[in-house]
Amino acid sequence: MPPQVLVVCKRDRELVSLDPASLVVRWRSGLSDIGHEVVPSEDGERAYVPLYGTGGVSRPGRSGNGIDVVDLEHGVRVDLVPLPRGSRPHFAAWGCDGRLFVTAEGIRSVLSVDVAAWERTPGDLRHVSVPPHQVLRTAHPQSHMLAVAPDGRHVYTADVHPGTVTELEVTSGTRRSLYLAERINRISLSADGRTAYVADQDEPRLAVVDVLSLSLDRWITLPGIAFGTAASGAGRLIVALRQAGQLAILDTEAGRVLRSVGVPDGPQRVVMSGEGRTVYTTCSPADLVVAVDIDRMQVVAEGEPGGDPDGLAVVG
C-alpha cells in the first residue's frame with residue numbers, strides 16, 4: 001500500500017487520503033458522525049476515527065459514542081466500534097499491547113479499548129455489546145487530548161479548562177494531576193518520554209513538564225499562542241503558532257525559536273513524516289493542509305482536502 005496522509009474534514013464528515021508529496025486527494029470516505037482526529041492501525045491497513053459529535057470542546061453539543069473504521073486500501077468505511085453512551089471520544093493513540101486509548105471527555109475518562117476483540121465479535125452479538133474496555137477516570141472535564149508513554153504504562157491527558165495535565169497509570173487506574181494554567185490544549189511527549197509539552201491558550205508560552213515527578217519544569221516564551229507540537233530530533237520541537245500563522249522549530253533546551261515559516265491561517269495539528277524530513281499541518285480556517293520541508297523550512301505543497309480539516313496522520 002502506498003504512503004498517504006490522512007485528514008479528517010469536520011464540516012464534510014469525511015476521512016480524506018492525500019498523496020504525501022503533492023497533497024492531491026486520492027479518495028474520500030464518508031463518516032457516520034463528525035470526527036475530529038484519526039489514528040492508523042499499526043499495520044497501516046485501517047484507520048480509526050473517534051466520533052466526537054457536534055459542538056466543540058467547552059461548547060455544548062451532541063456527544064458521539066463510537067469509532068469509525070476505514071479500510072485504507074479501498075477508502076471505505078467498514079465498521080463502527082461502539083463506546084459507552086455519552087463518551088464524546090476525541091483523540092486516540094495506541095498502547096504497547098495493541099489496545100487503543102481514546103479520550104472520552106463526556107464521561108471524564110480515557111477508554112482503553114480492545115479493538116481486536118470487538119472485530120472478533122460475531123455479528124449477531126454486536127447489537128447488545130460494546131468491545132472490552134477499561135475506564136481510566138481523569139475526574140476532570142474536557143480531557144481532550146492524550147499522549148501515551150513509550151513503555152505504555154502511563155497515559156497523559158490535557159484537560160483544557162481546568163488547565164491540568166493528568167497522569168493515568170494504565171494497570172491500576174491511579175491518577176495524579178498538575179495544574180498549569182487557566183486554559184491549555186494539546187500535549188506531546190519527548191522521544192524518551194521524560195518530558196511533556198503543553199500549550200497555554202491565553203499566554204504565548206509552552207509548558208515543559210517533568211513527567212517523572214509530574215511537575216512544571218519551566219515555561220518557554222513564544223512569539224504567539226501555540227497549539228499542536230511534534231518532536232523533531234533531539235532537543236527540537238515543531239510548534240504550530242495558531243494565531244501567528246506559523247510553524248516554528250523550537251530548541252527546547254535553550255528555550256528559543258530557531259527558525260519559522262509562514263503558513264495559512266490557523267495551523268493546529270502537527271505530524272512528522274516517517275523519515276522526519278517533512279512536517280504536515282492542518283490549517284482549518286483556510287481549508288488547507290500544508291507540507292513543510294524541515295531542512296529548508298519552506299512550504300513545499302498545499303492541498304485542499306475539504307471543509308474544516310482537523311485531525312491528521314501519516315501512513316507509511
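1. Start with strand E1, residues 4-9: in this predicted model, six of its six residues are buried, so the strand is mostly covered, where buried means under 20% relative accessible area. Neither face is left open: Gln4, Leu6 and Val8 are buried on one side, and Val5, Val7 and Cys9 are buried on the other.

2. Now look at who sits beside E1. Strand E28 (residues 309-315) pairs with E1 in the antiparallel sense, over five bridges. If you want a spot to click on, glutamine 4 stands opposite valine 315 of E28.

3. E1 also pairs with strand E2 (residues 14-18), again antiparallel and over five bridges. Here cysteine 9 has glutamate 14 in E2 as its bridge partner. The E1-E2 hairpin has four residues between the strands, and arginine 13 takes a positive phi near 55° there.

4. Stepping back to the whole chain, the protein has 28 strands and one helix. Its radius of gyration is 18 Å, close to the 20 Å that the globule rule gives for 316 residues, so the protein is as compact as a globular protein of that length. Along the principal axes, the C-alpha atoms fill a box of roughly 55 × 45 × 35 Å.

5. On burial and contacts: 59% of the 316 residues count as buried. Of the contacts with a separation of 6 or more, 44% come from residues 24 or more positions apart.

6. Last, the surface and charges. The accessible surface is about 12700 Å², with 46% of it belonging to carbon and sulfur atoms. There are 31 positive and 39 negative charges, and their mean positions are 4 Å apart.

Methods: Residues numbered from 1 in each chain as written. Predicted model: local features only at pLDDT ≥ 70, side-chain atom pairs only at ≥ 80, totals over all residues. Heavy atoms only, no water. Helix = DSSP H or I, 4+ residues; strand = E, 2+ residues; numbered from the N terminus. Rg over C-alpha atoms; globule rule 2.2 N^0.38 Å. Buried < 20%, exposed > 50% of the residue type's maximum accessible area, 1.4 Å probe, protein only. Contact = heavy atoms within 4.5 Å. Areas by Shrake-Rupley, 256 points an atom, 1.4 Å probe, with all protein chains shown as cover. Lys, Arg positive; Asp, Glu negative; His and termini not counted. Charge placed at Lys NZ, Arg CZ, Asp CG, Glu CD. Pairing = 2+ DSSP bridges.
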